[in-house]
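Here are some exercises on how helices and strands pack together, each with a worked solution. Have the structure open beside you and try each task before reading on.

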Amino acid sequence: MRSEESSRSTSDLSPATARAPGKVILAGEHFVVLGAPAVAMAIDLYSQVQVIPKNGSGVSITADIPLRFLAGKSGNPLVPHPGELLRPLQLKRVVNIDHGLWVNVECEIPVAAGLGSSASTTVAIISAIARSKGIELSKKKIFELAFVPENFLHGKPSGVDQATCIYGSMIQFSRPSNVKTIRPKKDPVLLVCDTGIHHTTRTLVGGVVQKSKREKKDFQNYLAKVREISGRVAKSLREGDDEELGILMNQNHELLRKIGVSHPKLDHLVEVARRAGALGAKLTGAGGGGCVVVLNPSRIVRDRVARVLRREGGTPYKISMDTSGVESRPA
Ligand code: MEV
């Protein structure tokens, strides 16, 4: 395997694959953009990328991504040119792609649902293309490169999504690039439930940033609370204290409601999950629709909560922690 630096000028490509997990944020979304730490976990829903050299020049892309979720209320796609989702191919800036290339993307992560589908496909594409050039990029480099498409898609993201998909497991993240691994005492029994209402992260994040400028005093208080919540969430995970974790998730949801990124359906699913026996529930990711994440005291309760949420019109996914992060290999 060559280093990042030594092989920039070579043009040989060989088939390669990469896989990256999705993510769920347990504390601190939105406030992480404003400087607070967030706690996030990589989940066992993946995007998979294959890169195959082809004759001639040019890059062709095939993608099996649940893009139907990108249709807005009007039926018009929220992303006008779905091909734009594949902007990570701007990796060209680092790796000279002077051969023909076929990139095939398969993503099992619901799109625009707060589960990191764009960050996951981005880091998998970057890793697979680099690997096909015989380059093993460092995690730090993948993180840096992933800002190109992530900025394009989401405006000014914090980087927490791509960091989680790259490093895997559980992390505490703060801007600009501070990643601390959290070793949980036990895996929390989680599920996510998709409202089926989909959003644009860019609009939601932009709205919160604007609001934080108008309501400076309130946001100072919120930020102090979120700093405390994130710190205590990390501690409760290390100590395996689910009761405490559940309480903190509920508090975090209230703060997200206050800053206006929840949605009546998210609030409803959160309420229903808590009544069905969950220890805590909150929206996860940018909000405005998307998913709730629910902490359960046991697998039996999780099964019950999932059934109840489905009856209420949500789509539940029982999730576990991914421990690998992004992985690439020759095909
Ligand atoms: C989106 O998954 C998380 C947000 O905090 C945006 C970001 O951190 O880039 C809403």
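The exercises below deal with a sheet, three helix pairs and an aromatic pair in a predicted model.

**Exercise 1. Work out the strand order of the open sheet formed by four strands, and find which strands stand at its edges.**

Step 1. Trace the pairing across the sheet: the order is E8-E9-E7-E10, with antiparallel pairing.

Step 2. Look for strands with a single partner. These are E8 (280–284) and E10 (315–319), so each of these edge strands has one side without a neighbour in the sheet.

Step 3. Check the twist, which averages 25° from one strand to the next.

Step 4. Zoom in on one pair. Strand E8 and strand E9 (residues 291–296) run antiparallel and are joined by five bridges. Within this pair, Ala-281 is found opposite Val-294 of E9.

**Exercise 2. Find which strands helix H6 and helix H7 pack on, then describe how H6 and H7 are placed relative to each other.**

Step 1. Begin with H6 (residues 242–258), which touches E8 and E9 of the sheet and makes an angle of about 40° with the direction of E8.

Step 2. Turn to H7 (residues 264–275). This helix lies across E7 (189–194), E8 and E9, and runs at about 160° to E8.

Step 3. Now compare the two helices. Their axes come within 12 Å and cross at roughly 160°. Angles over 145 degrees count as roughly antiparallel, and H6 and H7 are therefore roughly antiparallel to each other. The crossing of H6 past H7 is left-handed.

Step 4. List the residues that meet: Asn-250, His-253 and Arg-257 from H6, and Asp-267, Val-270 and Arg-274 from H7. Sorted by class, this H6 contact with H7 holds three charged, two polar and one nonpolar.

**Exercise 3. Classify the packing of helix H2 against helix H1 and against helix H3.**

Step 1. Take H1 (residues 117–132) with H2. Their axes are 9 Å apart, and the packing angle is about 135°.

Step 2. Do the same for H2 (residues 139–154) and H3 (residues 160–167), whose axes come within 9 Å and cross at roughly 140°.

Step 3. Assign the classes. H1 and H2 are therefore oblique to each other, and H2 and H3 are therefore oblique as well. H1 passes H2 in a right-handed crossing, and the crossing of H2 past H3 is also right-handed.

Step 4. Look at who makes the contacts. On the H1 side of its contact with H2, the residues include Thr-122, Val-123 and Ile-126, and among those from H2 are Leu-145, Pro-149 and Leu-153. This contact of H1 with H2 divides into eight nonpolar, four polar and one charged.

Step 5. For H2 with H3, the H2 residues include Phe-143, Phe-147 and Glu-150, while Ala-163, Ile-166 and Tyr-167 are among those from H3. By class, the contact of H2 with H3 has seven nonpolar, one polar and four charged residues.

**Exercise 4. Describe the geometry of the ring pair Phe-31 and Phe-219, and say which parts of the chain the pair ties together.**

Step 1. Place the pair in context: the whole structure has five aromatic pairs.

Step 2. Read off the geometry. The ring centres of Phe-31 and Phe-219 are 6.3 Å apart and the planes lie at 40°, so this pair is tilted.

Step 3. Locate both residues. Phe-31 sits in the loop between strand E1 (16–27) and strand E2 (38–54), and Phe-219 in helix H5 (residues 216–239), so the pair ties together parts 188 residues apart in sequence.

Technical notes: Residues are numbered from 1 along each chain as its sequence is written. This is a predicted model: local features need pLDDT of at least 70, side-chain atom pairs count only at pLDDT 80 or more; totals for chains, interfaces and linings use all residues. Side-chain values use heavy atoms; hydrogens and water are left out. Two strands pair if DSSP finds at least two bridges between them. Axes are lines fitted to C-alpha atoms, for helices over the stretch in contact, and angles run from 0 to 180 degrees between N-to-C directions. Contact means heavy atoms within 4.5 Å. Angles under 35 degrees count as roughly parallel, over 145 as roughly antiparallel, 65 to 115 as roughly perpendicular and the rest as oblique. A crossing is left-handed if the near helix is turned anticlockwise from the far one by less than a right angle, and right-handed if clockwise. Ala, Val, Leu, Ile, Met, Phe, Trp, Tyr, Cys and Pro count as nonpolar, Asp, Glu, Lys and Arg as charged, and the others, Gly among them, as polar. Rings of Phe, Tyr and Trp (its six-membered ring) pair if their centres lie within 6.5 Å; planes under 30 degrees apart count as stacked, over 60 as edge-to-face and the rest as tilted.
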